[in-house]
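Reader: I am new to this structure and would like to learn how to read it, one feature after another. Could you take me through it?

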Amino acid sequence: MIQMSLFNEPAPVLPVTYYPEFLNQEEAGVLYQHCLGLQWQQNQIKMVGKTLLVPRLECIYGDEGCEYLYSKSVLLKPLPWTSSLAELRDRITALTGYKFNIVIGNQYRSGQDSIGWHADNEQSMGLNPAIASVSLGAERKFQIKAIKGKPTDFWLEHGSLLIMHPGCQSTHLHQVPKTKKLVSTRINLTFRPHVGGRK
Ligand SMILES: O=C(O)CCC(=O)C(=O)O
Ligand SMILES: [Fe+2]
């Protein structure tokens, strides 16, 4: 049966799976504290002669040599896996069958931190990567849409896991928009494959 939304438009079928309680509250709290102590960086993007601050903090952990270049200007060099991050990676692999070489952390310090519409299609992840995204701390709105479609909203809860399946990055865009609401810190961990190269 096709699920109908308001106005009888079929709800879009999205190439994602959402697990709201992937971690229990205690596990999520411990992991959030661990993640606050990771090596966060304030990166800069260079665009048409201008230097802009990335509107969030970032960190990267992973297998040796798995460097990651995005927006043609930010080179992220992985630090070795912490045991907590490696354990989390292995739990996601056990659940989904997807394998990962790196994790990129995003720290949204307030509602003014964000990530705009994009697809994660860097060549270093190979063709049609699966990306696993764990959310901790404050709940933020995550939107996903087919390239010419209308957005669907997810409220990514503390301890949740969102899987973007292979193909998602070719057909869909996603974002975490800014909000004027008062929100505290949110940490997001995106586990990704790395097949070689930097781009
Ligand atoms: O914070 C999120 O939920 C999404 C992060 C994201 O899209 C990314 O790091 O590419
Ligand atoms: Fe993304």
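**Reading the model**

Author: A record is a good place to begin: in this predicted model, the unreviewed UniProt entry carries the annotation "domain: Fe2OG dioxygenase", which covers residues 99–195. Over residues 99–195 the chain is 48% strand and 4% helix, and the C-alpha atoms at the two ends lie 11 Å apart.

Reader: How many helices and strands does the protein chain have?

Author: There are three helices and 14 strands in the protein chain. Its radius of gyration is 17 Å, close to the 16 Å that the globule rule gives for 199 residues, so the chain is as compact as a globular protein of that length.

Reader: Which residues have the most contacts inside the largest nonpolar core?

Author: That core has 37 residues, and those with the most contacts inside it are Ile60, Ile102, Val103, Ala132, Val134, Leu161 and Phe191. Among the elements that give two or more residues to this core are helix H1 (25–36), strand S4 (57–62), helix H2 (83–96) and strand S9 (131–137). To take one residue from the core, Ile102 touches, among others, Ile60, Cys66, Tyr68 and His194, when residues up to four places away in sequence are not counted.

Reader: Which residues are around ligand 1?

Author: Around ligand 1 are Ile104, Asn106, Ile115, Asp120, Ser133, Phe142, Leu156, His174, Val176, Asn188 and Thr190. By character, the residues of this shell divide into five nonpolar, five polar and one charged, while strands S7 (102–108), S13 (172–176) and S14 (186–192) each supply at least two residues of the shell.

Technical notes
Residues are numbered from 1 along each chain as its sequence is written. Chains are lettered from A and ligands numbered from 1 in the order in which they are written. This is a predicted model: local features need pLDDT of at least 70, side-chain atom pairs count only at pLDDT 80 or more; totals for chains, interfaces and linings use all residues. A residue is near a molecule or strand if its C-beta atom, placed from the backbone, lies within 6 Å of it. Ala, Val, Leu, Ile, Met, Phe, Trp, Tyr, Cys and Pro count as nonpolar, Asp, Glu, Lys and Arg as charged, and the others, Gly among them, as polar. UniProt positions are given in the numbering used here, feature names are shortened, and annotations may be inferred rather than shown by experiment. A nonpolar core is a set of buried Ala, Val, Leu, Ile, Met, Phe, Trp, Tyr and Cys residues joined through C-beta atoms within 7 Å. A residue is buried if 20 or more other C-beta atoms lie within 10 Å of its own, exposed if 12 or fewer, and partly exposed in between; C-beta atoms are placed from the backbone. Two residues are in contact if their C-beta atoms, placed from the backbone, lie within 7 Å. The radius of gyration is taken over C-alpha atoms; the globule rule is 2.2 Å times the number of residues to the power 0.38.
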